[in-house]
Amino acid sequence: MRAVSKSPRTAAWQAKATGALPKTAGALVGLLFLSPLAYLAIEATRAGSLSSIAEAQAIRPLLRSLLLATAVATITVLVGTALAWLATRSDIPGRRILAVAAALPLAIPSFVAAAALRAALGVGGLIPWLPRPSGFWGALVVLVVVTYPYVYLPVAAALVTTPPDVEDAARLLGDTPYRMVRSVIVPQIRPATVSGALIVFLYVLSDFGAVSLMRYDTLTRQIYSSRLADTDTALALGLLLGGLALAAATVERRLSRSRAPYNSARKPRSYQLGRTRWPVFAVVASFLGTVIAAPAVVFLVWWLRSSLAAGSTYPSLAESLAALVTPGLNTVVAACVAGLSAAVLLLPAAYLAAGRESRVGFFASTAIASAFAVPGLVLALAVVYWVVQAPAVVASLYQTFPLLILVYVLHFGVQSHRTSVAAIAGLPRKYREAARMLGAGRFRRFATVDVPLIGPGVLAGGGLVLLSVAKELPATLLLAPTGFDTLATRVWNAAEGGFLGDVGVTSLGLLLLSGTLTWVLVLRPMQRNISPAD
Amino acid sequence: MAAACGSDEEALIVYSGRSEDLIGPLLEEFTATTGTPVAARYGQSADLALLIQQEGERSPADVFISQSPGAVGLLSGEGSLKQLSEDTTSLVGEPYRNGSGYWVGLSGRVRVLVYNSELVPTGELPASVFDLVDDRYRGRVALAPANGSFQDFVTGMREIHGDEATQDWLDGMERNDSPTYANNSSIVQAVGRGEVDMGLVNHYYNLRALNEDPSLSSVNHFFGDVGSLVIITAGAVPASSDRSEQAEELLRYLLSRQAQVFLADGTFEYPLALGDAGPAGLPSLAALDATTYDFETLSGGLLKTKEMIDASGLEEP
């Protein structure tokens with residue numbers, strides 16, 4: 001595959017495919033996504049605080065951040081890929097339900113997942129004989145659970161668009177299952193897997209909720225605990241995180257360099273698990289049961305305990321649910337608009353980045369990755385910095401819905417961008433060339449050839465952004481229009497006041513809502529490919 | 001929102017570090033009484049202070065309500081707050097307002113030792129917070145060293161007892177293997193379920209936990225010294241606001257009898273403008289060590305506090 005991707009023919013095709021328009025768009029997108037790091041660099045220079053990184057003994061938190069992010073990324077690759085394969089290519093019982101359920105944990109904010117896990121296990125918890133998780137292992141478990149869908153969704157999208165012929169050929173030639181996986185399946189899903197791993201890695205770098213409750217002292221925890229007392233150091237540490245993200249994005253580009261064979265709208269091959277069918281089902285069902293049902297049960301217990309307690313002044317069920325309607329609607333609108341905007345706005349940059357030879361593409365995709373590693377609070381402050389000194393037209397957008405959407409796209413754009421790149425990388429050249437020879441114009445080729453083939457991947461990417469937005473907290477608190485509540489801000493408000501019952505009922509609402517959105521907008525369109533359509 | 005309130009007036013913007021459950025009803029009541037619409041943005045006090053700082057002259061905030069003296073201190077130290085009128089500040093006693101009039105206390109939270117009554121006999125409870133470094137409390141007292149309230153408490157201890165005694169106490173707590181948690185809520189939950197015997201927290205978290213689940217065996221213990229420091233929730237007006245009169249009107253409303261009674265009854269906080277009586281069943285303010293401190297006058301301020309906590313090693317998990 002490697003040899004093919006480097007053939008002169010490919011280069012020529014890529015060169016033709018990237019005109020001046022995508023290049024300009026790519027450069028602008030790159031600059032926009034670098035603006036948070038530019039702010040951090042300006043602040044660090046002004047305060048001369050880069051040297052204070054050394055004084056702040058940033059090395060150990062830095063190593064902890066790297067260790068945790070690498071470990072979580074590695075485990076999520078295994079878990080996410082295995083689940084994606086089972087959900088799209090196997091005859092595991094209840095495959096469709098599994099496909100939705102596997103995406104659900106992404107909807108849980110990490111601070112809620114960590115609090116639920118700590119409440120569930122250990123002395124006085126629901127399962128008192130298990131040790132209460134904390135430190136590295138506690139953070140690892142929580143972060144694996146809430147991030148593996150970042151690998152699962154793109155890989156599932158890759159698996160439903162790969163055609164059956166190569167696999168059939170390999171089988172006919174008598175390949176062993178191991179060789180088959182190595183030589184056929186792995187190359188197909190490699191770009192999606194590696195980009196998913198990058199997203200997980202960056203998520204862990206920027207996460208505060210899990211590491212704070214589990215008390216694992218990473219760079220992000222340092223940023224939060226010093227933000228008020230020593231803002232300059234906090235911002236300098238933020239710059240360090242951004243630098244890490246740039247490095248990680250460069251590594252990712254090298255690792256994903258193998259090209260997927262090609263995409264197809266034909267029904268992919270399905271495999272029979274045979275005798276292992278039910279044992280595999282038991283393993284998967286108990287895993288998903290634990291990661292989804294366990295938090296749900298904890299939420300339910302919190303809610304019921306407080307609403308049933310004698311003399312409790314808690315609102316009734318109807319009141320509790322009614323209070324969720326407006327925040328729920330706000331969450332749906334913000335998440336959908338942001339997911340769609342990210343998918344569409346970053347598509348030109350994705351085309352550029354899929355063309356390996358494009359420097360602008362490399363610049364844009366690296367810049368896009370950097371904005372995700374910066375914690376939400378720091379990103380929000382960066383946006384404020386630029387917007388308040390911008391011309392009045394821009395400044396008037398401060399704390400409005402359009403600016404909030406832009407902030408979401410900035411923060412989570414990498415999720416959609418990387419997933420789209422992986423999908424575009426798998427576009428079969430022969431179809432486009434055939435279309436060109438038949439005289440189809442650029443837009444017609446895009447609409448008739450590209451859209452059906454990259455659609456599932458692009459949708460999955462938009463879906464990741466959507467789910468991330470649904471639970472986003474720090475930037476929403478600072479930059480949403482005044483009074484604009486989302487389910488995540490309601491959860492936070494309740495947790496802040498110590499009202500566990502409200503945390504429970506609102507988290508359940510968030511879980512249900514995100515599950516429904518994932519099913520309707522991401523998985524159902526994707527599954528049309530695995531239903532017997534042909 | 002303005003239209004909904006039957007007025008064309010633009011809403012007064014409040015940045016509130018207190019969560020909506022605890023102050024939202026009062027803001028609605030203010031609008032109902034005065035006709036001035038109010039819109040609130042809720043967040044962590046520290047984050048909102050950084051936001052106001054970053055917004056500078058273009059900050060839309062007319063009122064800043066901070067749960068943390070540290071957060072409001074950051075802004076007053078930079079001259080980012082307006083001086084309040086005597087009419088407003090004089091509603092509370094001297095200890096509960098900023099000496100230069102940059103902020104006024106709205107309500108108080110008291111630092112306490114929350115303990116599990118099934119694990120700790122009352123005879124074992126310490127009279128002073130300084131007793132907690134004794135061997136008999138080894139591994140039994142939970143702290144939240146990264147939390148703003150704890151940092152404010154340590155700053156108060158520095159103000160009253162000096163840096164040396166404070167550092168000794170922090171080092172002693174670390175030597176005593178005090179378990180650390182993320183915040184007040186997690187300590188109260190941990191004590192309630194018997195995971196740890198005791199913990200240093202703000203008083204009202206346990207009262208709220210008991211309200212939700214009266215079967216819990218967690219109980220608040222008040223110290224006779226700086227251990228039960230009163231931490232003030234402060235109200236201030238950012239210098240950038242061009243509606244400071246209405247902003248101060250809101251602050252005065254929050255100090256009115258009606259609002260203060262709501263704070264005491266609904267949120268278990270100490271009212272500051274109703275004399276010394278505390279909420280039902282709690283010690284009076286006079287019995288507690290109520291001290292305010294201006295971070296700009298305390299050498300090194302919050303940064304120094306954080307450095308001292310870091311030096312003790314409590315922050316290393």
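**A two-chain predicted model, from a buried valine outward**

A:Val155 sits in helix 9 of chain A, which covers residues 149-160. The model is a predicted one, and everything below is read from its coordinates. A:Val155 counts as buried because 30 C-beta neighbours fall inside 10 Å, where 20 or more is the cut-off for that label. Leaving aside residues up to four places away in sequence, A:Val155 touches A:Gly80, A:Thr81, A:Ala84, A:Ile189, A:Ala192, A:Thr193 and A:Gly196. For one of these partners, A:Gly196, the C-alpha atom is 8.0 Å from that of A:Val155, although the two residues are 41 residues apart along the chain.

Zooming out to chain A as a whole, the secondary structure comes to 27 helices and zero strands. The chain has 534 residues, and 54% of them count as buried. Among the chain A contacts with a separation of 6 or more, 84% are between residues 24 or more positions apart.

Helix 17 of chain A makes a handy check on geometry. This helix takes in residues 325-345, which is 21 residues, so at 1.5 Å a residue the expected span is 30 Å; the C-alpha atoms at its ends are 30 Å apart, in agreement with that. Its buried residues are A:Pro327, A:Gly328, A:Asn330, A:Thr331, A:Ala334, A:Ala335, A:Ala338, A:Gly339, A:Ala342 and A:Ala343. The general rule is that an α-helix has 3.6 residues a turn, so residues three or four places apart point the same way.

Chain B is split into two domains, and both are made of two segments: domain 1 is 3-108 + 231-282, and domain 2 is 109-229 + 299-312. Their C-alpha centres lie 27 Å apart. Where the domains meet, twelve residues of domain 1 of chain B are in contact with 16 residues of domain 2 of chain B. On the domain 1 side, helix 2 (45-55) and helix 3 (69-77) of chain B each put in at least two residues. Helix 3 of chain B gives the most there, with three residues. Sorted by class, that side of domain 1 of chain B has five nonpolar, six polar and one charged residues.

Next come the strands of chain B. Strand 2 of chain B runs over residues 38-42, and four of its five residues are buried, so the strand is largely enclosed by the rest of the structure. Strand 2 of chain B runs parallel to strand 1 (residues 12-16) of chain B, and five bridges join the two. In one of these pairings, B:Leu12 has B:Val38 as its bridge partner. Between the two strands the chain passes through helix 1 (residues 20-34) of chain B, and the resulting β-α-β crossover is right-handed.

Strand 7 of chain B, residues 218-221, shows two faces: B:Ser218 and B:Asn220 are on the covered one, while B:Val219 and B:His221 are on the uncovered one. Strand 7 of chain B is joined by four bridges to strand 4 (residues 104-116) of chain B, and this pair runs antiparallel. Within that pairing, B:His221 is the bridge partner of B:Leu113.

The two chains also meet each other, with 47 residues of chain B in contact with 46 residues of chain A. On the chain B side, the elements that give two or more residues are helix 1, strand 2, helix 2, helix 3, helix 6 (184-192), helix 7 (203-212) and helix 10 (301-312). Helix 2 of chain B gives the most, with seven residues. By class, the side of chain B that touches chain A has 21 nonpolar, twelve polar and 14 charged residues.

Finally, two backbone oddities are worth a look. Most residues other than glycine have a negative phi. A:Gln399, however, has a positive phi, near 55°, and is found in the loop between helix 21 (392-395) and helix 22 (401-425) of chain A. With 18 other C-beta atoms within 10 Å, A:Gln399 is partly exposed. In chain B, the phi of B:Asp177 is likewise positive, near 55°. B:Asp177 belongs to the loop between helix 5 (148-175) and helix 6 of chain B, and it counts as exposed because its C-beta neighbours inside 10 Å number 11, where 12 or fewer is the limit.

Technical notes: Residues numbered from 1 in each chain as written. Chains lettered and ligands numbered in written order. Predicted model: local features only at pLDDT ≥ 70, side-chain atom pairs only at ≥ 80, totals over all residues. Expected span 1.5 Å × (residues − 1). Domains from an automatic or database assignment. Contact = placed C-beta atoms within 7 Å. Nonpolar A, V, L, I, M, F, W, Y, C, P; charged D, E, K, R; others polar. Pairing = 2+ DSSP bridges. Right-handed = clockwise from strand over helix to strand, strands pointing away.
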